[in-house]
Amino acid sequence: MSVPTYRRATTLALVAGLGVTLAACSTKSGGSTEPGGKVTITVDCQPVGAQAELLRDWNADVVAFQNEHPNITIKSVSVGAQCNNPPDFTARLQGGTVTDVFYGYMTDLQQVIDSGQAMEISQYVSKDTIPTWDSVDAGAKAAFTDGGKLWGIPTKNYSMGLVYNKTLFQRAGLDVKNPPKTWAEVRAAAKRIAALGGGIAGYSDYSAGNTGGWHFTAELYSMGGQMVSTDAKKADFNNPMGRQVLQNLKDMRHADNSMGTKQLLQWADLLTNAGAGKVGMFVGAPDTTTAIVTQFQGKYQDWAMGPMPGQDGAAKATLGGGEGYFFKKGLTADQVKAGLLWLAYEKLTPGKGQLDYVRAKPENQPVGLPQPQLFTVGSQAHQQDLTLRKANANINVEDFAAFENNPVPIKFEPPNAQAIYAVLDAAMSAVLTDPNAKVDQLLATAESKVNQVLSTNG
Amino acid sequence: MAIVTLPATENRPAGRGRSAVRRPYSVRRRRVRDNMTGYAFLSGAVLCFAVFAWYPMIRGVVMSFQRTRRGETRWVGWDNYERIVNDPGFWTAWKNTLYFSLLALVVGYAVPFVVAIVFNEFRHARGYLRALVYLPVMLPPASALFLFKYYAYDPSDAGLFNAVLKALHLPTSQWMQSTTMTMPAMVIASTWMNMGGAVLIYLAALQSIPGDLYEAAELDGAGILGRVRHVTIPQTRLILSLMAMLQVVATMQLFVEPLILANGAGTQDAALTVAYLIYQHGFFQNDLNGAAALGVIMLLVLGGFSAVYVRLFSTQDGRGR
């Protein structure tokens, strides 16, 4: 090859390489509506390879669904563990790389709408597209509704209660059938469990990465409090209820030494300790037991759940949340309908998809947990789901009866939740790490900071 | 590369601006053609910088003056800056970041230089020592920090550091759970993780110092400290100055250490840094515009610091103005 030819070839190769690189950088939705009524949609949060059984079930569901609807093709997209990681979700949302039908938390609604990446779907949702729609819990629907318009379909709904380790309860001589119902009882039980020694925390709580503020909110709700005033203009936790939340924790941590020495815990830290049998009680949703078993090497038979404790009796309210799917802006009507039919099949039909307990029973998945709390109690779909769940339970449903049979009114997160939680992390971490922390001062500081957040964020 | 001989009349005149006499079109075309391969190679780097550095920077500045709500983006002037300056964590984040930079400058900057001087004095096992000090750099930062978090900074007596302190009959510490120890603990971990690279750079600089300077100093009666003061430091001033600037710029962007060691802002916001506050706004608070504004403020602060520093240094070096 002569030098000029070589140069030309090199130049062409470089330019072609750059072109390919640029082309690879561009993103394009995989979904489409083809002539002849064929519809293709992309859907994310397909289980990852490590979740072999869940992945096999999902793929089988896709095949079965496509057989029922030969004109629809579902392209599954796995985004690894990103479905459970808010910063990754934000990055995909802002980067415009979400799939046609994409997963999100209930609390993501505002950022999804603000991003301009999603479309409103009110006109498409009915019994024709989702046969169980009338049975779906009104609170869960409301969490995906903004200004009277529906933006997403709830696929999981939870509320918090007191998760406790039965084995440690037994060892501490506590009644496993009768979990603590008030914070005073929690404190007494925590003291007895911590007395077992071996680095066991009688009660454990979060205080970092915004999860401290999240649990402060849950515990404040249990006492009947609220984080912000009704008009959402002022902080509303610097009161006896807020003081009681922090004082309870401070007393358990420092006066009783029943919360362990390691603090600044986040979700995974606490559940890692729980999986290792080092946590007696914590506040959480039923699915935390699933996480303890599937991700943190715990055992189902160790865990049970009671209702959220209250200050002087039953809790006045409990924090709720959940997840669902949104629809990418620009989809055709046929694509939206195809997405709704898929969600109805995979997530909202008793006996199918995530509610197929006959299939889940022999697999290492818990059947019998009081979740996903999707349907209104007493509705037709709820009755069907409950019957199937009880008939196929592979865990002891009695362990969760105290939680399920004592429903507490559900209250959702405050506006500007994450900014408020970030502020309250400081108060939570203070009472859990500093024996001299001044509760009144911490609350006053947090109140002024939250007022600042509310006044500037509107 | 082909050599083009231009006619005498086409010599570029002194001074700025375009040449008074334009080159013939064919000559310019030929020159472009001859340099085509060079341009093609250059285009890759330019494209990478443009896409991954310059464009995001410009986009960040633009976003900092916009607000996106319900899919609509509008210009809001200085609103984002006002909001971010009024954020409850803004001043705490700056105070913590500056404190970390100061501590890192005292410890993280001085320690590698001292270690390099000591290593340079060794006649044996230099390679072994260099490898030893460089090992932590090869460890992924997250892994190194998890080692510190779970083994060294365990607040119970079972923690590595507390066990050592206890064995020496010294008071133990809560490390990351103490508001006063959070920053020093992060500096220790950060210095351990990053000093290997700095030590190698200092060693290279030290080894380029002519040996006769030390001999002359010795003949003049200088001890080891005298040699360091009168030979080593003046001879490595350029590299020391550069490393100081890089150190400050890097430490001001402190992010991984608080994220892993303190699970974010740490106890009572003792680990809250500017970079972590940007992350909070961008990825947790649905406020990319606020995050962009804080990013621009940080860029300006670091740019201003670098400009002042370079100017001061070049003036001292006799090359100012």
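Helix α16(A) is a good place to start: 17 of its 17 residues are buried, so this helix is largely enclosed by the rest of the structure. The model is a predicted one, and α16(A) gives a handy way into it. From its first C-alpha to its last, the helix reaches 24 Å with its 17 residues, close to the 24 Å expected at 1.5 Å a residue. Even so, α16(A) has a kink of about 30°, and that kink is centred on A:Leu424.

Stepping back to the whole of chain A, there are 17 helices and 13 strands. The radius of gyration of chain A comes out at 25 Å, close to the 23 Å that the globule rule gives for 458 residues, so the chain is as compact as a globular protein of that length. Laid along its principal axes, the C-alpha trace of chain A spans about 80 × 60 × 50 Å. As for how much is tucked away, 48% of the 458 residues in chain A count as buried. The contacts in this chain also tend to link distant parts of the sequence: taking those between residues at least 6 apart, 76% join residues at least 24 apart.

Next comes the packing of nonpolar residues. The largest nonpolar core holds 117 residues, and the members touching the most others are A:Met281, A:Ile420, A:Val423, A:Ala427 and B:Leu261. Helix α16 of chain A (residues 417-433) turns up again here, since the largest share of this core, 13 residues, comes from that helix. Besides this, there is a second, separate core of 43 residues, with A:Val112, A:Ile130, A:Trp342 and A:Phe375 among its members. On the chain B side, B:Leu261 has quite a set of partners once its neighbours within four places in sequence are left aside. Its contacts are B:Leu145, B:Phe148, B:Lys149, B:Tyr153, B:Met176, B:Ala185, B:Met186 and B:Ala189.

That leaves the place where the two chains meet. Chain A puts 37 residues into the contact and chain B puts in 33. On the side of chain B that touches chain A, at least two residues each are supplied by α2 (36-63), β1 (66-69) and α14 (274-284) of chain B. The most comes from α2(B), which gives seven residues to that side. By type, the residues on the side of chain B that touches chain A split into twelve nonpolar, 17 polar and four charged.

Methods. Residues are numbered from 1 along each chain as its sequence is written. Chains are lettered from A and ligands numbered from 1 in the order in which they are written. This is a predicted model: local features need pLDDT of at least 70, side-chain atom pairs count only at pLDDT 80 or more; totals for chains, interfaces and linings use all residues. Helices (H or I, at least four residues) and strands (E, at least two) are DSSP runs, numbered from the N terminus. The radius of gyration is taken over C-alpha atoms; the globule rule is 2.2 Å times the number of residues to the power 0.38. A residue is buried if 20 or more other C-beta atoms lie within 10 Å of its own, exposed if 12 or fewer, and partly exposed in between; C-beta atoms are placed from the backbone. Two residues are in contact if their C-beta atoms, placed from the backbone, lie within 7 Å. A nonpolar core is a set of buried Ala, Val, Leu, Ile, Met, Phe, Trp, Tyr and Cys residues joined through C-beta atoms within 7 Å. Ala, Val, Leu, Ile, Met, Phe, Trp, Tyr, Cys and Pro count as nonpolar, Asp, Glu, Lys and Arg as charged, and the others, Gly among them, as polar. The expected span of a helix is 1.5 Å times one less than its number of residues. The bend at a residue is the angle between axes fitted to the seven residues ending there and the seven starting there.
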